[in-house]
Amino acid sequence: MTPPDGGRGPEVAFGDSASVLKRFSTEPLTASVWRRSLPTDFVEAAATWRHGPAFRRVVPVDDRRPALAIQSILESDGEAMPVAIARDLAQLLALHAVLVPDVARRLRVERIVDDGCRRFHADHVGSRMLCTYAGPGTECLPASAVDARRPADGSNDHVLDPDAVWRCEPGWVLLMRGTTGSGPAQFHRSPPRDATGPRLLVAIDA
């Protein structure tokens with residue numbers, strides 16, 4: 001499940017700085033991946049906050065009001081969100097506004113206690129930014145490993161090469177194309193449930 005080493009595969013760009021995400025808008029990629037490392041204080045905060053009941057909050061956000069979107073999540077989940085996580089949400093929203101400007105945005109924060117969606121699929125969005133804060137990351141397939149012409153029938157019959165799957169690590173920022181975007185969509189799925197606890201996931205849709 002290890003993604004390709006080096007700067008780029010044929011369909012996905014990988015890099016160790018946020019600049020790799022800029023390639024998403026200039027090249028015909030299915031996704032760009034920033035392999036970022038989270039600081040120790042963030043890892044500790046996320047490890048604590050991941051434990052608890054499932055929740056899922058989705059709020060609209062525009063370039064003028066990211067703080068209000070984050071505040072809405074803070075006030076609605078009934079728990080005290082760690083300061084480090086709130087700060088990172090603001091930074092991801094600011095980054096997304098630069099990378100994908102002039103669009104309507106939705107911020108989603110989830111604590112996932114089950115297997116999520118285990119079928120490989122492409123999202124019905126223009127693009128989606130994903131980051132797993134704790135637990136296993138999103139699993140992806142290269143476009144060459146999927147028959148995109150087959151209907152989404154709830155099975156994995158459209159997967160041509162299941163051994164080609166690779167998985168994001170916690171902290172990595174995955175910016176991927178959806179089915180309504182310009183270019184090939186990124187097929188992906190949720191990882192299996194982790195015995196060490198729930199998964200913390202952040203998504204920004206455009």
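These legends walk through several close-up views of the predicted model shown above.

Local features rest on pLDDT of at least 70 and side-chain atom pairs on pLDDT 80 or more, while totals for chains, interfaces and linings use all residues. Residues are numbered from 1 along each chain as its sequence is written, and side-chain values use heavy atoms, with hydrogens and water left out.

**View 1. The whole protein, with its three helices and ten strands.** Helices (H or I, at least four residues) and strands (E, at least two) are DSSP runs, numbered from the N terminus. Following the chain, you will meet them in the pattern β-β-α-β-α-α-β-β-β-β-β-β-β. The C-alpha atoms fill a box of roughly 45 × 40 × 30 Å along the principal axes. The radius of gyration is 16 Å, which agrees with the value near 17 Å for a compact globule of 206 residues; this radius is taken over C-alpha atoms, and the globule rule is 2.2 Å times the number of residues to the power 0.38.

**View 2. Surface and interior of the protein.** Of the 206 residues, 51% are buried, where buried means under 20% relative accessible area, exposed over 50%, and partly exposed in between (1.4 Å probe, protein chains only). About 9,800 Å² is exposed, and carbon and sulfur atoms supply 53% of that area. Accessible areas come from the Shrake-Rupley method with a 1.4 Å probe; for residues, only the protein chains shown count as cover. Taking contact as heavy atoms within 4.5 Å, 75% of the contacts between residues at least 6 apart in sequence join residues at least 24 apart.

**View 3. Strand 10 and its two antiparallel partners, strand 4 and strand 5.** Two strands pair if DSSP finds at least two bridges between them. Strand 4 (residues 105–112) is joined to strand 10 by seven bridges, and strand 5 (residues 127–134) by six. Look for Val202 in strand 10: Val109 stands opposite this residue, and so does Cys131. Seven of the seven residues of strand 10 (residues 199–205) are buried. Arg199, Leu201, Ala203 and Asp205 point one way, and Leu200, Val202 and Ile204 point the other way.

**View 4. Leu175 and its surroundings in strand 8.** Strand 8 spans residues 173–177. Leu175 is buried, with a relative accessible area of 0%. Leaving aside residues up to four places away in sequence, Leu175 touches Leu21, Phe24, Thr30, Ala31, Ser32, Leu99, Arg128 and Met129. The C-alpha atom of Leu175 is separated by 9.2 Å from that of Ile204, 29 residues apart along the chain.

**View 5. An open, antiparallel sheet of three strands in the order 7-6-9.** Strand 7 (166–167) and strand 9 (187–189) stand at the edges with a single partner strand each, so one side of each is left without a neighbour in the sheet. Strand 6 (residues 139–141) meets strand 7 through two bridges. Here, Cys140 stands opposite Trp166 in strand 7.

**View 6. Asp147 in the loop between strand 6 and strand 7.** Asp147 is buried, with a relative accessible area of 16%. Beyond residues up to four places away in sequence, Asp147 touches His158 and Leu160.
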